[in-house]
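Colleague: Could you take a close look at one part of this model for me and walk me through how it sits in the rest of the fold?

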Amino acid sequence: MATPSKISAVAEITNDFKESNAAVLTEYRGLSVAQLKQLRVSLGLDTKFSVVKNTLTAIAAKEAGVEAFDGQLAGPTAIAFIKGDAVAAAKSLTDFAKANKQLVIKTGYFEGKALNAAEVAALAALESRELQLAKVAGILKAPAAAAARIIDALRLKLEEEGGAVAPAADEAPAAEEAPAEAAAEEAAAPAEAAEAATEEN
């Protein structure tokens, strides 16, 4: 007969399965409490690394509709329930497993698809969501930068063209000055003739 504590444990694991977009099944035989704490910290807040009982986990997985762990629940078992970036979590797990041979990655699933150990490693080798977003941001930024360069080039071209026209504009007043000077000379000529006639008289 199931005890209230077991029923509660199954419900919690079932809920963890349902709320996660990915999960990785591991065997942690030989890892110390300090090492498990270190692993949990490296996984971040969006991944719950839980030590579980195999029989209760089998029931919970069945209730959650998860078949990826069938026949894999043996030995000291812990599951990484991933609610955030699955690539980043898989990378943290594989990096920790490389440094700590006691952690064995057995199987997993990602968005409903079962993954073997090699496929979990392949998932870890992909680019993280943060890096993908950074690249997308770079791509989105590129056209704006290109547009800015084009606008700047047009501005420089217009300034250069304006500079070339400017001397012609500066020369225009000089051209207008010539008729004005001629008119002044013509106006002065009768006055000079009158003065000459007065002197003769």
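Modeller: Let's start with the hairpin: β4 and β5 form one with two residues between them, and E111 in the turn has a positive phi of about 50°. This is a predicted model, so take that angle as a computed value. Most residues other than glycine have a negative phi. E111 has its positive phi although it is not a glycine. Its place is in the loop between β4 and β5, and at 61% relative accessibility E111 counts as exposed, because the cut-off for that is over 50%.

The two arms of the hairpin, β4 and β5 (residues 113-116), run antiparallel and are joined by four bridges. As one example of the register, Y109 stands opposite A114 in β5.

Y109 also takes us to the cavity, since it is among the residues that line the largest one, along with F110 and L115. By the rule used here, the count comes to one cavity of 30 Å³ or more, and the volume of the largest cavity is about 30 Å³. The rest of its lining is made up of A22, A23, V24, I82, A86, V120 and L123. Sorted by class, that gives 10 nonpolar residues, with no polar and no charged ones. At least two lining residues come from each of β1, β4 (104-110) and α5 (117-124), and β1 gives the most, with three.

Now follow β1 across to its partner. β1 and β3 pair in the antiparallel sense over six bridges; A23, one of the cavity-lining residues, has F81 as its bridge partner in β3. On β3 there's a second antiparallel pairing, with β2, again over six bridges. There, the bridge partner of V51 is A78 in β3.

β3 (residues 77-82) is worth a pause. Six of its six residues are buried, so the strand is largely enclosed by the rest of the structure. In a regular strand the side chains alternate between the two faces of the sheet. In β3, T77, I79 and F81 point one way while A78, A80 and I82 point the other way, and all are buried. I82 is also part of the cavity lining.

Two residues on the flanking strands round this out. T47 is found in β2 (residues 47-52) and is buried, with a relative accessible area of 9%. Leaving aside neighbours within four places in sequence, T47 is in contact with A80, F81, I82 and A89. E27, in β1 (residues 22-27), is buried too, with a relative accessible area of 18%, which is under the 20% cut-off. The side chain of E27 makes a polar contact with the side chain of R29 at 3.2 Å. Beyond its neighbours within four places in sequence, E27 is in contact with A74, P76, Q102, L103, V104 and K106; V104 and K106 fall in β4 (104-110), which brings us back to the hairpin.

Zooming out, the protein has six helices and five strands, following the pattern α-β-α-β-α-β-α-β-β-α-α along the sequence. Of its 201 residues, 28% count as buried. Among contacts with a separation of 6 or more, 81% are between residues 24 or more positions apart.

Note on methods. Residues numbered from 1 in each chain as written. Predicted model: local features only at pLDDT ≥ 70, side-chain atom pairs only at ≥ 80, totals over all residues. Heavy atoms only, no water. Buried < 20%, exposed > 50% of the residue type's maximum accessible area, 1.4 Å probe, protein only. Polar contact = N/O pair within 3.5 Å; in protein donor to acceptor, adjacent residues only side chain to side chain. Contact = heavy atoms within 4.5 Å. 1 Å grid on protein atoms, 1.4 Å probe; cavity = no way out; pocket = protein on both sides within 12 Å on 5 of 7 lines; lining within 4 Å. Points joined across faces, edges and corners; volume = space filled by probe spheres on them. Nonpolar A, V, L, I, M, F, W, Y, C, P; charged D, E, K, R; others polar. Pairing = 2+ DSSP bridges.
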